[in-house]
Amino acid sequence: NALDLNNGQAGTGGKYAELPNNAALDTVQEGNYTISAWFYPYSVPADTSPTSNDRNWAIVLKYGQHTGLVYDKDQHFVMRHYLTGNVLETATGTTTHGVNNWYHVVGVVDKDAGTVKIYVNGTLEATQSFTAGTAAREYGTAHWRIGKALSTWAADGRVDQVRIYSR
């Protein structure tokens, strides 16, 4: 029953699901939060375009400056978090995760501790530190999307059991 995106190597266009706006989802990234999902990649992002629109597959992202979970061209999972001033903090896993396999991916932002973490299949793969208490980028009412950023990073795979927690 997973969301089957099957978007191929294009990285643009493609299928996705968009979460409806509500007060909790609009501001969840401004505090401590966790995003979890199961992801099954069919292919690896090709990174062939001059503008790099195809170097990541969006798993769960808040579009605009793309905060959330991605699968990158090196077959690593990444948790992306933007701070105020459009400063990007990323926790990029170091383990290669090939195609045609299910992975449980969890990204955690602890604003109080100043950390961004990425877990894959229950194992902590990376931690990125930032100044504790730093404010997150303001997104207004930008939607969270499953399987695609604003107009790029259309995932080629399946996504299941997406959860976003404000803790």
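H66 is buried in this predicted model, because its relative accessibility of 13% falls under the 20% limit for that class. The residue lies in the loop between β4 and β5. Apart from its neighbours within four places in sequence, H66 is in contact with L61, R80, Y82, Y139, A149, L150, T152 and W153. Of these partners, R80 and Y82 carry numbers that fall within strand β6, residues 77–83, and L61 falls within strand β4, residues 56–62.

The strands on either side of this loop, β4 and β5, run antiparallel and are joined by 6 bridges. Within this pair, A58 has V70 of β5 as its bridge partner. Strands β6 and β7 also pair in the antiparallel sense, over 6 bridges. The two pairs are set out below.

| Strand pair | Residues | Bridges | Opposed residues |
|---|---|---|---|
| β4 and β5 | 56–62 and 67–72 | 6 bridges | A58 and V70 |
| β6 and β7 | 77–83 and 87–92 | 6 bridges | L83 and V87 |

The hairpin of β6 and β7 has 3 residues between its strands, and G85 takes a positive phi near 80° there. Next to this turn, L83 stands opposite V87 in β7.

These strands belong to an open sheet of 6 strands with antiparallel pairing, in the order β2-β11-β4-β5-β6-β7. Strand β2, residues 17–18, and strand β7 stand at the edges; each has a single partner strand, so one side of each is left without a neighbour in the sheet.

Definitions and conventions
Residues numbered from 1 in each chain as written. Predicted model: local features only at pLDDT ≥ 70, side-chain atom pairs only at ≥ 80, totals over all residues. Heavy atoms only, no water. Pairing = 2+ DSSP bridges. Helix = DSSP H or I, 4+ residues; strand = E, 2+ residues; numbered from the N terminus. Buried < 20%, exposed > 50% of the residue type's maximum accessible area, 1.4 Å probe, protein only. Contact = heavy atoms within 4.5 Å.
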